Amino acid sequence: MKNLFLKTFWIVAASIFLVNPAFSENSVTVNVMGVPYMQTLYMALADDFASIDNPLLLKYTGGKTEEFAKSVASGAVDFSVTDIPLTGKELDERKLIQFPSMVTAIVPVVNLPGVESNKLVLNGLVLAKIMTGEITAWNDESIRALNPGMSLPSIRIKPLARSDASGATLAISSFLSKSSTEFSTKIGAGELVRWPSTVQLLHSGETLETTIHDTVGAISYIEMDIGNINKMTFVKLKHPTGSIVKADMGFLRSGVVGARTTDGGYGVRRLTAMDLGQNWPILLPIYIVLPQKAVNDKKMTLALRFIFWTFNKGDDSIEQSGLVPLPVELQTQAVKAFRKVQSVNGTPLIVNFDL
C-alpha cells in the first residue's frame, strides 16, 4: 500500500473539493460529502482502491454536518462521512443507513511556554472547571497538584472552543459532563453547546488550530490526526482510578477494542466519556451514512465495494493518519448494515464483495 504522506502533495490545505487522480475513461464517479479533516484519508484510501483495477473516481466535498443527511437523502451525494451520528428517528424519516467506519480521539491541547507535549496532566474535573471559567490561571493550586515539580506560568488561561456543531464538541462535552455535575448542569453534552463568555469561540477546526498557536495560555480540544500529533501540545488525562493516559495509538486502540456495544442497530454507541481506566477516555467514531435505496445502482455498488475494502485492506492508511480501524466484531455489524441498501427498483442490491 502506498504511503499516505506521499499522496498529500495534491491536497491543498484550503480546498473543499477534491478528486482522486486515478482517473480513466471507464471510471465511475462516486460523490461524497464529509467532515473536512477526513478528506485526506478518504482520498488516499480511494487512490489505493482504484490502483487495484477498481474504476473509482472519488469526489469528496467538505461541508457542514447539518448538510450531510439532506444531501444523501436527496441523492446529491452517494454517501457522507460524519462525526455526529444521526438519531434513529432521523435515519427512519430520511430513509438512511448509518454505521461506524473508524474511530479517532479528541484531545485537550495547550499553548504554554516551556511545556512539552504529553507533559501536562489534567483530570476531567479540573478540565471542566477550566472550561466553565472557575479556574482562571495556569498556576492554580488544583493544576499544580496534578503536576508536582512542574514549573507552571502565572498567566491567564484562555479557553477556546468551536462555535459550530462538531463531533469534537460532542465528545469533549460528554466527557466533561460525566466528570463534573456543575458542567453537566450549566453546559451539558452535545455537538453544539452554550459555552460561557470566558470561552473564545471559533467558527472552524482550522481557525481553532491557528488561534491556539497564536495565543499564549490557550487551551482547547482537537481531533487526533497525524498532523496534530506532530504540531500540537497534547495534555495527558488522569483517571479517577489514578492511572494517567495519553492520546497515542496504543491507548486509543485499546479503548476502541474495549467498546463493543451497539446502539439500537445503528452502530457503535457514542464512545465518549468511557470509563476505561487504562485507556484514552474521549473517543469519537467516524460514521458513514448511506441511502436505504440507491439512486444509481452502478455507483452504489462501487461505493459499497470501496467501503468494504476499507474495512479489509485500509488499516495501514487509517493508522498512518492517526485513527483506529474498528475491531472485527464491529466491522461485521457495519457490513450487515450496509448490505441492506436496495437497488433503484427496491430489490436487494447485488454486490460482489470479493477483493
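Q: Which residue stands opposite Leu-160 in S8?
A: In this predicted model, Leu-160 faces Gln-200 of S8.

Q: What makes S7 and strand S8 a pair?
A: Pairing asks for at least two bridges between two strands. S7 and S8 (residues 200-202) share three bridges in the parallel sense, so they qualify as paired.

Q: How do you know that S7 also pairs with S9, and which residues stand opposite each other?
A: Two bridges join S7 to S9, and the two run parallel. The cut-off is at least two, so this counts as a pair. Here Lys-158 of the pairing lies opposite Ala-218 in S9.

Q: Why is strand S7 called mostly covered?
A: A residue is buried when its relative accessible area is under 20%. Four of the five residues in S7 (residues 158-162) are buried, so "mostly covered" is a fair description.

Q: And how many residues of strand S5 are buried?
A: For S5 (residues 96-110) the count is 15 of 15. Each of them therefore falls under the 20% limit.

Q: What makes S5 and strand S13 partners?
A: Nine bridges link S5 with S13 (residues 283-291), and the strands run antiparallel. At least two are needed, so the pairing holds. One of the bridge partners to look up is Leu-283 in S13, matched with Ala-105.

Q: How do you know that S5 pairs with strand S9?
A: Five bridges connect S5 and S9 (residues 218-223) in the antiparallel sense. The requirement is at least two, so these strands pair. Within this pairing, Val-110 stands opposite Ile-219.

Q: What about S5 with strand S14 and with strand S10: how many bridges are there?
A: S5 has two bridges to S14 (residues 324-325), antiparallel. With S10 (residues 233-234) there are two bridges as well, again antiparallel. The threshold is at least two, so both count as pairs. To find them in the viewer, look for Val-103 opposite Val-324 in S14, and for Val-110 with its bridge partner Thr-233 in S10.

Q: Why are strand S6 and strand S12 called edge strands?
A: Three strands form an open sheet in the order S6-S11-S12, with mixed pairing. S6 (121-123) and S12 (244-245) each pair on one side only, which is what makes them the edges.

Q: How do you know that strand S11 and S12 pair?
A: S11 (residues 236-238) and S12 are joined by two bridges in the antiparallel sense. At least two are required, so they are a pair. Leu-237 is found opposite Val-245 in S12.

Q: Why is Lys-95 called exposed?
A: Its relative accessible area is 53%. Exposed means over 50%, so Lys-95 passes the mark. Lys-95 sits in the loop between helix H3 (88-94) and S5.

Q: What does Lys-95 touch, not counting residues up to four places away in sequence?
A: Lys-95 touches Pro-291 and Gln-292. A contact requires heavy atoms within 4.5 Å, so both residues meet that limit. Lys-95 and Ala-69 are 26 residues apart in sequence and 9.8 Å apart in space, C-alpha to C-alpha.

Q: What does the whole chain look like in numbers?
A: The chain has 13 helices and 14 strands. Of its 355 residues, 55% count as buried. Among contacts with a separation of 6 or more, 77% come from residues 24 or more positions apart. The chain exposes about 15300 Å², and carbon and sulfur atoms supply 51% of that.

Notes:
Residues are numbered from 1 along each chain as its sequence is written. This is a predicted model: local features need pLDDT of at least 70, side-chain atom pairs count only at pLDDT 80 or more; totals for chains, interfaces and linings use all residues. Side-chain values use heavy atoms; hydrogens and water are left out. Buried means under 20% relative accessible area, exposed over 50%, partly exposed in between (1.4 Å probe, protein chains only). Accessible areas come from the Shrake-Rupley method with a 1.4 Å probe; for residues, only the protein chains shown count as cover.
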